Amino acid sequence: MSAVVSAADARRSRVRLFIVTMLFLVTTVNYADRATLSIAGPALSKELHLDPVAMGWIFSAFGWSYVAAQVPGGWLLDRYGSRLVYAFSIIIWSLFTLMQGWVGFLSAGTAVVVLFALRLLVGVAEAPSFPANARIVAAWFPGNERGTASAFFNSGQYFATVIFAPLMGWIAHSYGWRFVFFVMGALGIVMGFVWLKTIYGPKEHPSINEAEFDYIKDGGALVDLDAPRDDLPRVRAPEAGSGWDHIRQLLSNRMMLGVYLGQYCINTLTYFFLTWFPVYLVKERGLSILQAGFVATLPALCGFIGGVLGGVISDAILRRTGSLTMARKIPIVGGMLLSMSIIACNYVDGQALVVGFMALAFFGKGIGALGWAVVSDTSPKEAGGVSGGLFNTFGNLSSITTPIVIGYILAATGSFNGALVFVGLNALVAAFAYLVIVGKIERVTLKRSS
């Protein structure tokens, strides 16, 4: 029997590994573009004379539109498929990122308005990205590999800081903050065209063989999730058109509500890191912007390692126990409790200890960042995009609240101490949501409306 299995493994192509690598690379660029403002922020705020509250609102601009566009973005994915919608998303958000560099040539008041508007547009353009990631993983990966695949692409958010924070810090230090936006925007546009040339569904990909196709299909991959390339919108419309009923049913599901709350709290850690963390290092800990760019890499690297490890642990538990609920909940709850170590930064003075506790917190956050695996596990086939959009809507409400709340805490106290407690308590609530509210994790079955 083992010889037969080995022969089958040898015949099987590995196209799905290339697919998830592309998801990882695009997610890395995605998060690097989100973080451009945090790296450019100290110099930009000084030049434009912005106080912490004003910076908090500018940091939040991305979140307002990103959240508002989640469900429409998911509907577009269900109707037109992941490949084309995602390609347009990458190219357009990168163009708006590049344009942010131009605000440096405007007067201060005008620059703030234009910067806020461009961040809003970046949020709209990025909205389909993570629901598309979840759909592609659901289409390309069997159930016993989905946790690792989701954790791997999601870990791109940490790898973005490992690779690009030092690069962007160096660019800002050597050439000025404007060039951070110019370089990252251009890189994203190139990535969008590479995506168009290389990504297809399982049924259309020229390199997949029958052995791999049968393996992923028999393992539960939704290989029919995206219709063939010549499929017209009107063919897809009957299933995609009942979106409001799908939304109503998902919002009345206790398991999904617990998942949504958990993701909101988990993303609070993400958006602290993407917005205020470099400012914390510069203003609270006395680093230069160049030093901050390099120091930020250690917590990010630990988050990346934790992210990959969380997926591996989750899939190993699933293979050993057969329980999807245990496989997803154990890493999420354990990782969130570990993330509460961020509060310890308030009680140490040495920079090495601060960075060490930050690294531990983001290692835990990485282990627990399995929300997109849960989405791939639970989303109904006929509403995968809408389900991912709803999940990302609730999860990214924290992209609005986190920078604003922290801005007001700083304005009121003049210290980051309360901000770190706020972030740590969100990790505790995330653990509570999965332990108490979510219950059994299983795929949602939608009822057809009459």
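Colleague: How many aromatic pairs does the structure hold?
Modeller: Happy to start there, and please keep in mind that this is a predicted model. A ring pair is described by the distance of the centres and the angle of the planes. Counted over the structure, the aromatic pairs number 16.

Colleague: Is the pair of Phe 24 and Phe 304 stacked, tilted or edge-to-face?
Modeller: The two ring centres of Phe 24 and Phe 304 are 5.9 Å apart, with 50° between the planes. Stacked needs planes under 30 degrees apart and edge-to-face needs over 60. The pair of Phe 24 and Phe 304 is therefore neither of these, and its class is tilted.

Colleague: How many residues apart are Phe 24 and Phe 304?
Modeller: Phe 24 belongs to helix 2 (residues 15-48), while Phe 304 belongs to helix 16 (residues 297-321). The pair thus links distant parts of the chain, and the separation is 280 residues.

Colleague: Are Phe 24 and Phe 304 buried or exposed?
Modeller: The cut-off for buried is under 20% relative accessible area. Phe 24 has a relative accessibility of 7%, and Phe 304 has 17%. Because of these values, Phe 24 and Phe 304 each count as buried.

Colleague: What kind of pair do Tyr 280 and Phe 416 form?
Modeller: The ring centres of Tyr 280 and Phe 416 lie 5.1 Å apart. Their planes meet at 75°, so the pair is edge-to-face.

Colleague: Which parts of the chain hold Tyr 280 and Phe 416, and how many residues apart are they?
Modeller: Tyr 280 sits in helix 14 (residues 254-284). Phe 416 sits in the loop between helix 21 (398-413) and helix 22 (417-437). The pair therefore ties together parts of the chain with a sequence separation of 136 residues.

Colleague: What is the relative accessible area of Tyr 280, and of Phe 416?
Modeller: Both rings belong to buried residues. For Tyr 280 the relative accessible area is 1%, and for Phe 416 it is 2%.

Colleague: Which residues do ring pairs link into a cluster with Tyr 280 and Phe 416?
Modeller: Tyr 280 and Phe 416 belong to a cluster that is held together by ring pairs. The other members are Phe 272, Phe 273, Trp 276, Phe 277 and Phe 362.

Colleague: How are helix 5 and helix 7 oriented to each other?
Modeller: The axes of helix 5 (residues 82-99) and helix 7 (residues 129-140) come within 10 Å and cross at roughly 150°. Helix 5 passes helix 7 in a left-handed crossing. An angle over 145 degrees counts as roughly antiparallel, and helix 5 and helix 7 are therefore roughly antiparallel.

Colleague: Which residues make the contact of helix 5 with helix 7?
Modeller: By class, this contact has 4 nonpolar, 3 polar and 1 charged. Helix 5 brings Ser 82, Tyr 86 and Trp 93. Helix 7 brings Ser 129, Ala 132, Asn 133, Arg 135 and Ile 136.

Colleague: Where is Ser 89, and which residues does Ser 89 touch?
Modeller: Ser 89 is placed in helix 5. With a relative accessible area of 4%, Ser 89 is buried. Setting aside residues up to four places away in sequence, Ser 89 touches Ala 125, Glu 126 and Pro 128.

Colleague: Is the crossing of helix 16 and helix 17 left-handed or right-handed?
Modeller: Helix 16 and helix 17 (residues 324-339) have axes 8 Å apart and pack at about 150°. That angle makes helix 16 roughly antiparallel to helix 17. The crossing of helix 16 past helix 17 is right-handed.

Colleague: How many residues of helix 19 are buried?
Modeller: Helix 19 covers residues 371-378 and is largely enclosed by the rest of the structure. Among its buried residues are Trp 372 and Asp 377. The count of buried residues is 8 of the 8.

Colleague: Is Trp 170 buried or partly exposed?
Modeller: Trp 170 lies in helix 9 (residues 156-175). Beyond its neighbours within four places in sequence, Trp 170 is in contact with Tyr 175 and Leu 290. At 41% relative accessibility, Trp 170 counts as partly exposed.

Terms used:
Residues are numbered from 1 along each chain as its sequence is written. This is a predicted model: local features need pLDDT of at least 70, side-chain atom pairs count only at pLDDT 80 or more; totals for chains, interfaces and linings use all residues. Side-chain values use heavy atoms; hydrogens and water are left out. Axes are lines fitted to C-alpha atoms, for helices over the stretch in contact, and angles run from 0 to 180 degrees between N-to-C directions. Helices (H or I, at least four residues) and strands (E, at least two) are DSSP runs, numbered from the N terminus. Angles under 35 degrees count as roughly parallel, over 145 as roughly antiparallel, 65 to 115 as roughly perpendicular and the rest as oblique. A crossing is left-handed if the near helix is turned anticlockwise from the far one by less than a right angle, and right-handed if clockwise. Contact means heavy atoms within 4.5 Å. Ala, Val, Leu, Ile, Met, Phe, Trp, Tyr, Cys and Pro count as nonpolar, Asp, Glu, Lys and Arg as charged, and the others, Gly among them, as polar. Rings of Phe, Tyr and Trp (its six-membered ring) pair if their centres lie within 6.5 Å; planes under 30 degrees apart count as stacked, over 60 as edge-to-face and the rest as tilted. Buried means under 20% relative accessible area, exposed over 50%, partly exposed in between (1.4 Å probe, protein chains only).
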